[in-house]
Amino acid sequence: MHRARIVFNISKSGQSERFASWLLNKPQTAAVSVNANRLKSSTAAEPFLNGSSSAYVETMYNAWLADPNSVHASWDAFFRNATNGAQPGAAYTPPPNLAPYNKNEVPLTSLVPSSGGMPSISAGSPINEKIIDDHLAVQAIIRSYQSRGHLVAQLDPLGISTGDPVSSADWHGGMRAFANEAIRGHHVAKLDPLEIANYDLGGKSPTEVIHNSYRFDEADMDRVFKLPSTTFIGEKEKALPLREILNRLEQAYCNNIGIEFMFINSLEQCNWIRQRMEPPNVTKMNADQKRLILARLTRSTGFENFLAKKWSSEKRFGLEGCEILIPAMKQVIDVSTKLGVESIIMGMPHRGRLNVLANVCRKPLHQLFTQFAGLEAEDDGSGDVKYHLGTYIERLNRVTNKNIRLAVCANPSHLEAVDPVVQGKTRAEQFYRGDNEGKKVMSILLHGDAAFAGQGVVFETMHLSDLPAYTTHGTIHIVANNQIGFTTDPRHSRSSAYCTDVARVVNAPIFHVNGDNPEAVMHVCNVAAEWRATFHKDVVIDIVSYRRNGHNEVDEPMFTQPLMYQKIRKTKPVLEKYADQLIAEGVVTAEEVKDVKDKYEKICEDAYNQAKQETHIKYKDWLDSPWSGFFEGKDPLKMSATGVVEETLVHIGRRFSSPPPNAAEFEIHKGLLRILKSRMEMVDNRTVDWALAEAMAYGSLLKEGIHVRLSGEDVERGTFSHRHHVLHHQKVDKATYCALAHLYPDQAPYTVCNSSLSEYGVLGFEVGYSVTNPNALVLWEAQFGDFNNVAQCIIDQFISSGQAKWVRQSGIVLLQPHGMEGMGPEHSSARLERFLQMCSDDPDYMPPESPDYEVRQLHDCNWIVANCSTPASYFHILRRQIALPFRKPLILMTPKSLLRHPECKSSFDDMKEGTNFKRVIPEEGPASENPQNVRKLAFCSGRVYYDLLKQRRDKGLEKDIAIARLEQISPFPYDQVKAEIAKYPNAQLVWSQEEHKNMGSWSYIEPRFRTLLQNQKQISYNGRATAASPATGSKAAHNKELRNLLEEFCVL
């Protein structure tokens, strides 16, 4: 149709030929062309009438007058048309063309119904261009409603939508400009419960606007038109009167539901939606369904009313104005459960969270009410406010009589931060269940309108939806659209017409629905759940509602939205509206409505009284990711060994260093063949570099049944081209080989996946993945360490404090390339100081020494921060993540130049059985042989060790200066540092670092050294001076800084 419009516009400007005639593209064209200069005489106008043929024609005409059946049917048709006053050139009708139609061509007769009072088109009748154009216009109107109906749907319960998504000039095009009209009917859908929308429709109703756009008269309304195959308004009927067509389209697209779906590039999916939205009475519910909606709406409203009554001055971020959200969520869960889903993971902001926990998850009400009592907790942790908490529930779905598992993930006040976490958790659960199509596990994400449009993480999360290693096979997004963000109205909070426009980028259908029409909301929920089950793609439900109170219950909204809240104060709650409707319909009685309310209020009162008996709250009651059986029967302070038998190291090393088994057929890049050869030589020499140590750590865990997942930007090859876990066939697209996935026949699966260019979204995803199963090593690698600042929200809110707030452990590993190597401000520092600042250990307290000192420290900390200097340390610390009897996040500074440094290698002797992770690597050179004579003991961490080592060697100070390395910086290894200091009684102490003084480890280690030394000694600083930028952009300045650092290091 779009191409037809383009060609029509061209032909209209340069020719007199009609559009209908052009569309046919058949010999009939000449017959329907009109030339204003033609003569009035029929005889003169016929081109075939000349001296040689007129006698023959006259003979045929006389025979026809005597008996019409005596001549050929074509002559009969010609003479009938001529005597009936046919226009010049139009009396002749050619025989039907039996040639096949070309692409985009249709027979003229297909445009007109064969009955219903309309003139038919056949080989024996003239072509009527108005019929053709009118039918095309009707098809355009149908498409216009499908594409644009949501623009005029009545969606807003308040009726104060302030957007002007469509102007009257856009609406009022002529009939022939139908393609220009094809995107906007949804702007006049009846979405506003408060009914004060002010769209610019030129003072006309949406129906009048659309009718006038196509210039149909009242007389045309009863004409019958054939329905195209792209609409289902007729159900089994193939043709309908225009009046009925418009009425049905109006009900489908411009009432209380507005649908955006015509941008989807799949005809099958578009038709699927049409089939479920267009037939008459498609939203009709039976009496039982209506009573169920009323009961659920009563509970949703009653819960908020009860909280308002008992704790009127408490912040709870209630759901008033959007109470229909609870029945909507339950409907989605009911339908999804019926279609086979067994587990649903949900994420949501704070608004309505308590109601969701109570009425969707069925969290015991007394536990919820206890949160208002201000009681102390009986378990460890700092806890969180009640409207951030999550939960995990297994219960029976009473509607479907099937068991369902529901989890609501805890979320901070960063409204959309939980989105990727939920997706990662969902993906992990699907993975461990073998649910490769997402039929058993799904996610539901709730959003506020302002956050959905304003938060970039929404876009990042959306773009994970179809990526092979990140897809959850469809998420149902539900927007509780309050039409306001705190105090900012949509005119100032977004540039798009809708808050949901972000979903268009992934071809997700968007259903806008008036929150004050419960039955419309339920129908949309049914369709959305079926869509997800059918196509396994995202879908959005935009419940247009309002916020009866301010941002919270103690906030005054009239300061900033006086007109809106004047209207809200006059608007009846949806429960009252719907109850009145059902009473009027005779579905329920007023007594029944009151009885349902009273019963739920009694349930709340009983739970309230029970909550009064509680003396403590329990954080563990709000755990959203329980690890069944993981902690039971374990010594919480016993750590497994991290060393591995040499046979395993050799096997993994050889597999990792070999081309695919079918190497003759799998063509590898020549540069990779050299890398594989050098790896094999290292294995033969019993040594490993960084990449080989990493592969052995992963491989040995896979052998033990531990799933390993490595994710991030370019991790398959590695940013610095060192890893090469995925080999690519040089001649065959998508032909790859991953050696670590084929080490043992019974190994755990290995996942290595390049992510989208996202830190916030992808790190959040991996955090969600890591909390699902403790028996997995989940790693996220930043392309460069400083890129982690884009994901700072996830680091601050979920990783560093997640266990303290929500009793939720995570063993996620963050690999952060770090090192001052002259690469400029953005490719040098992983901001080590930020991670150390967030460590929870007390700098003024040194724990008492004990046999289990290391594991006890790890148990008490919030996370581990390390800057390893050897491949063996890297190997052990990765394996230690699984060897611990609990889980802690690991923040690991990883090298860049050390990946290929000739001295940065480790022996199998440092990795085999009996070895473990060394938190401190002591001096092992000449200085350690005569410690009394050592004049300086330098502590350092990470790659700067190799610079110090070379400088010491070049200056001949191996006997005078000892260097000890802190492989683990936090928790601070007091015991081993103390032993190293005691070994060199006459040495001055110095901390050497390559970072600037106000960065790196200095601010963290200095007070802890002070605590350890107890003023008996002091430790001095050796490193770069303070600076605002993490590193200089000048190579000359970098070299000068490094030279000064090394020269100062050698001063005795």
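Colleague: Why are V593, Y600, C604, A607, Y608 and A611 of α23 called buried?

Modeller: Buried means under 20% relative accessible area (exposed is over 50%, partly exposed in between; 1.4 Å probe, protein chains only), so these six names fall under that cut-off. The model is predicted: local features need pLDDT of at least 70, side-chain atom pairs count only at pLDDT 80 or more, and totals for chains, interfaces and linings use all residues. Residues are numbered from 1 along each chain as its sequence is written, and side-chain values use heavy atoms, with hydrogens and water left out.

Colleague: What covers the buried residues of α23?

Modeller: The cover includes α12 (287–310), α14 (353–359), α15 (365–370) and α22 (574–585). Helices here are DSSP runs of H or I with at least four residues, strands are E runs of at least two, and both are numbered from the N terminus.

Colleague: What makes the span of α23 close to the expected one?

Modeller: The expected span is 1.5 Å times one less than the number of residues. Helix α23 has 23 residues, giving 33 Å expected, and reaches 33 Å from its first C-alpha to its last.

Colleague: Why is the set of 170 residues called a nonpolar core?

Modeller: Such a core is a set of buried Ala, Val, Leu, Ile, Met, Phe, Trp, Tyr and Cys residues joined through side-chain atoms within 4.5 Å, and this set of 170 therefore counts as one. It is the largest, and I541 and F939 are among those with the most contacts inside it. Helix α20 (residues 518–535) gives the largest share, 10 residues.

Notes. Contact means heavy atoms within 4.5 Å.
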